[in-house]
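Me: I should like to go through this model step by step, beginning with how exposure is judged. Please reason briefly before each answer.

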Amino acid sequence: MRSFYIFSLICFWTHLAIAQVTFQRSISGTLHYQGAAVQQTVDGGYVIVGASDDCALCYQDVFVAKADEYGDLIWRKSFGDTMSDVGRAIWQTIDGGYIVAGKTYSFGAAVLGAGFADVFLMKLDAQGDIDWCSMMGGANFDGAESIQQTRDGGYIVGCNTLSFGAGVYEIMLIKLDQLGHIVWTRTLGDTGHDFLSAVRQTDDGGYIISGSTSSFTPPLEDVALIKTDSLGYPVWVKTYGGSDYEKAYGLDITMDGGYIMSGWTVSFGGAYAEMYVIKTDAGSIECTSKARSKFITVLSGHGQLGRDPTRPGWRR
């Protein structure tokens with residue numbers, strides 16, 4: 001039997017207090033389940049997204065589960081087709097449903113013989129049933145890592161792409177309307193590999209992106225924090241790191257208007273990778289360890305990505 005665990009924790013630095021576990025639950029079954037993201041819902045419960053892995057058939061399906069405030073399972077659903085499909089991010093929508101983002105190998109470039117993933121998006125109702133789903137991408141790898149519903153009722157999707165841009169990994173933003181149609185796309189990057197891990201809308205209507213970049217200290221990677229305007233064009237880019245590798249994964253906007261990121265570092269600490277937490281202000285360039293303004297918009301415009309309707313073979 002395979003399972004993954006849901007934890008609800010109150011965390012402090014270990015020298016100040018010990019984290020207290022309020023509950024822990026496992027979601028079990030005949031498959032191997034992997035959780036990628038979790039969000040607390042308006043009813044006090046939780047929604048989890050990830051992948052269910054059938055080891056015998058060697059493919060994954062998108063896995064979504066809803067739990068109550070105590071972590072007890074209310075429902076769980078799997079979605080996919082004949083190849084691997086993975087959920088990476090989830091957000092509760094204003095209608096009580098959910099928007100899911102990830103990557104699919106069942107449709108798009110992989111089906112055409114390229115063998116690469118496409119961005120996968122799926123809108124669910126409150127019971128976890130599909131309202132719509134779409135696949136977007138080009139001839140190479142494209143995958144979503146982050147999603148949020150924006151103030152206009154649409155969505156901002158944070159992705160990584162090899163299909164568009166300068167031929168290396170670039171950051172790609174996709175702005176959608178409420179029905180999942182493309183409003184605009186932007187691909188951001190420089191001469192090295194640039195990766196997105198999270199994107200959030202800011203109070204001014206723009207967006208803040210966390211990730212990593214090797215564009216400024218190749219081949220090493222530094223943590224990258226990127227601010228864009230409301231149309232996805234970069235306003236500023238800042239990098240943080242030392243003489244070795246750093247990556248950021250978590251991102252949140254703090255109450256003082258600044259940003260906090262979590263990830264790992266090899267440059268600082270001991271001989272191995274250690275947790276790396278960075279707190280910044282709202283954007284004063286003088287406060288950063290390294291500041292860069294060379295980041296450019298490689299691709300812009302409308303409709304660069306193809307959008308497919310719900311496929312008849314999509315399993316749920």
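Reply: A residue counts as buried under 20% relative accessible area, as exposed over 50%, and as partly exposed in between. The model under discussion is a predicted one.

Me: Is Met275 buried or exposed?

Reply: Met275 belongs to strand β21, which covers residues 274-280. Its relative accessible area is 63%, and the limit for the upper class is over 50%. Met275 is therefore exposed.

Me: Which residues form a nonpolar patch on the surface with Met275, and what is their accessible area together?

Reply: Met275 is joined in this surface patch by Ile260 and Val277. The accessible area of Ile260, Met275 and Val277 together is about 270 Å².

Me: In what order do the strands of the open sheet that includes β21 lie, and which are the edge strands?

Reply: The open sheet has three strands, paired in the antiparallel sense, in the order β19-β20-β21. An edge strand pairs on one side only, and this applies to β19 (246-253) and β21. Direction ignored, neighbouring strands of this sheet are turned against each other by 20° on average. The order is thus β19-β20-β21, and the edge strands are β19 and β21.

Me: How many bridges join β19 to β20, and which residue in β20 is the bridge partner of Lys247?

Reply: Strand β20 spans residues 259-265 and runs antiparallel to β19. The two are joined by seven bridges. In β20, the partner of Lys247 is Trp264.

Me: Why is strand β18 described as largely enclosed by the rest of the structure?

Reply: Strand β18 comprises the seven residues 234-240. Because five of the seven are buried, β18 is largely enclosed by the rest of the structure. The number that decides the matter is five of seven.

Me: Which residue in the turn between β17 and β18 has a positive phi?

Reply: Strand β17 (residues 222-228) pairs with β18 in the antiparallel sense over six bridges, and Lys227 has Trp236 in β18 as its bridge partner. The two strands form a hairpin with five residues between them. A positive phi of about 85° is found in the turn at Gly232.

Me: How is the aromatic pair of Phe141 and Tyr169 classed?

Reply: Eight aromatic pairs are counted in the model. For Phe141 and Tyr169, the centres are 6.0 Å apart and the planes stand at 70°. Planes over 60 degrees apart count as edge-to-face, so the pair of Phe141 and Tyr169 is edge-to-face.

Me: How far apart in sequence are the parts that this pair ties together?

Reply: Phe141 lies in the loop between β10 (130-136) and β11 (142-149), whereas Tyr169 lies in the loop between β12 (155-161) and β13 (170-176). Phe141 is buried at 16% relative accessible area, and Tyr169 is partly exposed at 24%. The pair therefore ties together parts that are 28 residues apart in sequence.

Me: How is the pair of Phe268 and Tyr276 classed?

Reply: Phe268 is partly exposed, with 37% relative accessible area, while Tyr276 is buried, with 15%. Their ring centres are 5.8 Å apart and their planes are at 40°, so the pair is tilted.

Me: What separates the C-alpha atoms of Ile94 and Val42?

Reply: Ile94 is in the loop between β7 (85-92) and β8 (98-104), and Ile94 is exposed with a relative accessible area of 69%. Along the chain, Ile94 and Val42 are 52 residues apart. The separation of their C-alpha atoms is 9.7 Å.

Note on methods: Residues numbered from 1 in each chain as written. Predicted model: local features only at pLDDT ≥ 70, side-chain atom pairs only at ≥ 80, totals over all residues. Heavy atoms only, no water. Patch = residues over 30% accessible without salt bridge, like charges linked within 9 Å, V, L, I, M, F, W, Y side chains within 5 Å. Areas by Shrake-Rupley, 256 points an atom, 1.4 Å probe, with all protein chains shown as cover. Salt bridge = Lys/Arg side-chain N within 4 Å of Asp/Glu carboxyl O. Helix = DSSP H or I, 4+ residues; strand = E, 2+ residues; numbered from the N terminus. Buried < 20%, exposed > 50% of the residue type's maximum accessible area, 1.4 Å probe, protein only. Pairing = 2+ DSSP bridges. Axes fitted to C-alpha atoms, helices over the stretch in contact; angles between N-to-C directions. Phe/Tyr/Trp six-rings, centres within 6.5 Å; stacked < 30°, edge-to-face > 60°.
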